Amino acid sequence: MELAEIREQSAQAALQVCEAAGLRVGDLFVVGCSSSEVCGEKIGTHSSVEVAEAIFEGIYGVLQERGIFLAAQCCEHLNRALIVERAACEKFGLDEVNVIPQPKAGGSFGTTAYKRFDDPVAVETVKQSASAGMDIGGTLIGMHIKPVVVPLRIATKRIGEAVLLCARRRPKFVGGSRAVYNDALM
């Protein structure tokens, strides 16, 4: 698969998630990405910086246009730490940790984010601050999204060979049988 096609699939998916989740300026969008899975290989076995860069470019361009922060999840070798811009770290009250991701210890996507962000910061957790996200290749992102996490069905089902799963948050329901809910928040 061509890198331009991967970049376009990534941008389209990010746009679809932003629209379907109703994201606003200042929201946090989490992405977990296995470049190995995108290439048709088992997660963690064939990391590709070039593929990660194409995915990053597609997603980040869409998010920047909308003023949405990106949180790039690292792999399990860094306990799924995340790379964010310092502005997001400060806005969401996150705690910086000391690590610089590498393709084989953090993953190619986290490494790319660290290199491409203006002022990158590694954080151990985003404290369930994300409003939506994309899981590219089975990387498990649900723990980063505000409760209640709900699946999000979009037109884009894969990026490269990787299965794409998306999620968003919805406010918790409170009340009982007499409560009335706002359909716009469902």
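How far apart should the ends of helix 3 be, and how far apart are its end C-alpha atoms?

## Helix 3

In this predicted model, helix 3 covers residues 49-66, and at 1.5 Å a residue its 18 residues should span 26 Å. The end C-alpha atoms of helix 3 are 25 Å apart, which agrees with that expectation.

Many residues of this helix are buried, and they include Val-51, Ala-52, Ala-54 and Ile-55 in its earlier part, followed by Phe-56, Gly-58, Ile-59, Tyr-60, Val-62 and Leu-63. When reading such a list, it helps to recall that an α-helix has 3.6 residues a turn, so residues three or four places apart point the same way. Just after the helix comes Gly-67, which takes a positive phi of about 70°.

## The chain as a whole

The protein chain contains five helices and nine strands, and from the N terminus these elements follow the order α-β-α-α-β-β-α-β-α-β-β-β-β-β. The radius of gyration of the chain is 16 Å, close to the 16 Å that the globule rule gives for 186 residues, so the chain is as compact as a globular protein of that length. Along its principal axes, the C-alpha trace spans about 55 × 35 × 30 Å.

Of the 186 residues, 48% count as buried, while the chain as a whole exposes about 9200 Å², of which carbon and sulfur atoms supply 50%. If one takes the contacts between residues at least 6 apart in sequence, 69% of them join residues at least 24 apart. The chain also carries 20 positive and 22 negative side chains, and the centres of these two sets lie 10 Å apart.

## Two buried residues

Ser-36 belongs to helix 2, which is made of residues 35-38, and with a relative accessibility of 3% this serine counts as buried, because the cut-off for buried is under 20%. Residues up to four places away in sequence are set aside in listing what Ser-36 touches, and the list then holds Glu-41, Lys-42, Ile-43, Gly-44, Thr-45, His-46 and Ser-47.

Val-123 sits in strand 5 and is likewise buried, with a relative accessible area of 0%. Leaving aside neighbours within four places in sequence, Val-123 is in contact with Ala-81, Leu-82, Val-84 and Cys-89, and also with Leu-94, Asp-95, Glu-96 and Val-97. Val-123 and Arg-86 are 37 residues apart along the chain, and their C-alpha atoms are separated by 9.9 Å.

## Backbone details in two loops

Which residues in the loop between strand 5 and strand 6 have a positive phi without being glycine? Lys-127, which lies in that loop, has a phi near 55°, and Gln-128, found in the loop as well, has a positive phi of about 50°. As background for these values, most residues other than glycine have a negative phi, and most peptide bonds are trans. Both residues count as partly exposed, with a relative accessibility of 42% for Lys-127 and of 39% for Gln-128.

The loop between strand 6 (132-136) and strand 7 (149-152) holds Val-148. A cis peptide bond joins Pro-147 and Val-148, and its omega is about 10°.

Terms used
Residues numbered from 1 in each chain as written. Predicted model: local features only at pLDDT ≥ 70, side-chain atom pairs only at ≥ 80, totals over all residues. Heavy atoms only, no water. Helix = DSSP H or I, 4+ residues; strand = E, 2+ residues; numbered from the N terminus. Rg over C-alpha atoms; globule rule 2.2 N^0.38 Å. Buried < 20%, exposed > 50% of the residue type's maximum accessible area, 1.4 Å probe, protein only. Contact = heavy atoms within 4.5 Å. Areas by Shrake-Rupley, 256 points an atom, 1.4 Å probe, with all protein chains shown as cover. Lys, Arg positive; Asp, Glu negative; His and termini not counted. Charge placed at Lys NZ, Arg CZ, Asp CG, Glu CD. Expected span 1.5 Å × (residues − 1).
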